[in-house]
Amino acid sequence: MAAAMAAVRWVLLAAAAMAAVLALDNGLARTPPMGWLHWERFLCGTDCGSDPHRCVSERLFVEMADVMAAEGWRDAGYEFICIDDCWMAPTRDEHGRLQADPKRFPSGIRKLADYVHSKGLKLGIYSDVGNKTCAGFPGSYNHYDLDAQTFASWGVDLLKFDGCNSDTLELLAEGYRRMSLALNRTGRSIVYSCEWPFYLRPVKQPNYTEIKQYCNHWRNFFDVYDSWSSIKSILDWTALHQDSIVKIAGPGGWNDPDMLVIGNFGLSWDQAVTQMAMWAIMAAPLFMSNDLRHISPEAKWLLQNKEVIAINQDPLGKQGYQITKDKNFELWERPLSGQAYAVAVLNQQEIGGPRNFTFPLTLLGNGLACNPACSVWQVLPASRDCGVYSWVSSLSVEVNPTGTVLLKVMAV
Ligand code: GLA
C-alpha cells in the first residue's frame, strides 16, 4: 500500500514538473502584454517627404511615446510601444547586422529605445523567420543569433516575429524555435510574439503545447482590419476552435487575436465595445493600432477603462469561451480569480434595434458561478450595479445590434 502511494506521489510530482516546463520559461507575459503597435493604422508608409506625420519613422514612435506617457495610456497598463514591418534599411550593414532605414530613423534604434525607456515604456521591434519580411525587407533567416544579439544590444523589450517567406514548414518551425532560444541566450528580457500557428495551420494542425514552450503569444488567424466583418471573423474563428486553443492559454503564453482597432474609422460605438469586451474575455494581448495623437474621448474612455482592463489582466490567466449561441446571441464566460466570472452577451443580429436576452444563471460556471447567490455588475457599455440574484433566477440584458454587454458575476 505504502509503495503504491509512493508511486502515485512520484507520478504526480513528475506530472507537476512536466507542467512547469510547458510555458516559455522567460518569466515574461504573466498577464497578456499591453501596448501599441503601428501596423494596422500606419502600415508600410515609407514616404516621409510627403507624409511626415504618418510615415514609419522615429518621429512617429517618439510622438506616440510622448502621448502614451502624458495621456494616461502608460498608467492604464499600455506598456510596449512596438515597431512593425518596414523599419529596416533594404540591406544589412557591413557586419551582416540589420540596420534601421537611415533617413526615417536617423538616430537609430538604440537611441529610440533609450527615449522610450526614459518615458517609462518598453520598445518592441519586428522581424521575420524567413528570407524577407512580409513587406520585402531583410528577414532573419540564417541570422537568428546575430539578430537577437543586435536587438538585445539596442535595448529592445519585445520581438514580433512574422512567418512570411520560409521555404518549408520545417524551416518555419525550426526558425521560430531557434529565435526563441537565441533571445533567451542574450540574457535580456524580451517578450517573444509569434505567428507560427497562423502560417502552419493551412497545412498542418499546430502543436500548441510546443508553441507555448517557445512563444509568449501567438497569432492564429488573419490580420485584423478596421471593420466589423474582420472583428466578427476573428470571434467566429475563435469560437469554432475553442476546444483546441482555450486550454493552452495561461500565464506566459497567450492566443493573440491581433490588434485593437478602436479609435480608427471602421467600427461603430457598439462594435468598439464588442472588441474591447471580447478581447478581455479572450485574455488577448492588448496592442492598440490607432493614432493616439488624434483620438476621440469616447475611444480613449473605452481603451483606458479600468474595469475591462482588470478583466483582461486577471491573474488567474484563464481564457474565456463561448457557452452557447441562441437566436443570434452569443453567451461567453471567462473564469476570474476569486471565484468570479466575466460574462459577455453579444448580439450578432445586424438588423433591427436593441434586443433582450434572458438566460438562467445556472448556465454560468457549470452552475457554480451564482451559487447560492451572486452579485452582478455591468462593466460595459457602462458601469452599473445590476443587483443580487439567487441561483435559480434568470438574468435579462438588452444588447444593441453588434454590441456586447460585459458583466462581472461574483458569488455571494
Ligand atoms: C503580416 C502580419 C501583420 C503585419 C504584416 C507586416 O501580414 O500578420 O501583422 O506584421 O505582416 O508586413
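## Exercises on a predicted model

Asn328 is found in the loop between strand E9 (321–326) and strand E10 (329–335), where helices (H or I, at least four residues) and strands (E, at least two) are DSSP runs numbered from the N terminus. The structure is a predicted model, in which local features need pLDDT of at least 70 and side-chain atom pairs count only at pLDDT 80 or more, while totals for chains, interfaces and linings use all residues. Residues are numbered from 1 along each chain as its sequence is written, and side-chain values use heavy atoms, with hydrogens and water left out.

**Exercise 1.** Determine which phi sign Asn328 and Asp258 have, and whether each is buried or partly exposed.

*Solution.* Begin with Asn328, which is not a glycine and yet has a positive phi of about 65 degrees. Its relative accessibility is 41%, so Asn328 counts as partly exposed (buried means under 20% relative accessible area, exposed over 50%, and partly exposed in between, with a 1.4 Å probe and protein chains only). Turn next to Asp258, which lies in the loop between strand E7 (254–256) and helix H12 (269–281). Asp258 is also not a glycine, and its phi is positive at about 90 degrees; with a relative accessible area of 4%, Asp258 is buried.

**Exercise 2.** Describe the surroundings of the Lys212 side chain.

*Solution.* First place the residue: Lys212 belongs to helix H9 (residues 208–214). Then look for an opposite charge (Lys and Arg count as positive, Asp and Glu as negative, and His and the chain ends are not counted). Lys212 is buried but has no salt bridge, and the nearest side chain of opposite charge, Asp25, is 11 Å away; a salt bridge would require a side-chain nitrogen of Lys or Arg within 4 Å of a carboxyl oxygen of Asp or Glu. Finally, note that a polar atom of the Lys212 side chain lies 2.9 Å from the backbone oxygen of Ile248.

**Exercise 3.** Follow strand E13 and name the strands with which E13 pairs.

*Solution.* Start just before the strand, where a cis peptide bond with omega of about 5 degrees joins Asn371 and Pro372, the latter in the loop between strand E12 (355–360) and strand E13 (373–380). Of the 8 residues of E13, 7 are buried. E13 pairs with E14 in the antiparallel sense over 6 bridges (two strands pair if DSSP finds at least two bridges between them), and Gln378 has Arg384 in E14 as its bridge partner. Another 6 bridges join E13 to the antiparallel strand E16 (residues 404–411), where Ala411 is the bridge partner of Cys374. To finish, a hairpin joins E13 to E14 through 3 residues, and Pro381, in the loop between E13 and strand E14 (384–390), follows a cis peptide bond from Leu380 with omega near 5 degrees.

Technical notes: A polar contact is a pair of N or O atoms within 3.5 Å; within protein, one must be able to donate a hydrogen and the other to accept it, and residues adjacent in sequence count only if both atoms are side-chain atoms.
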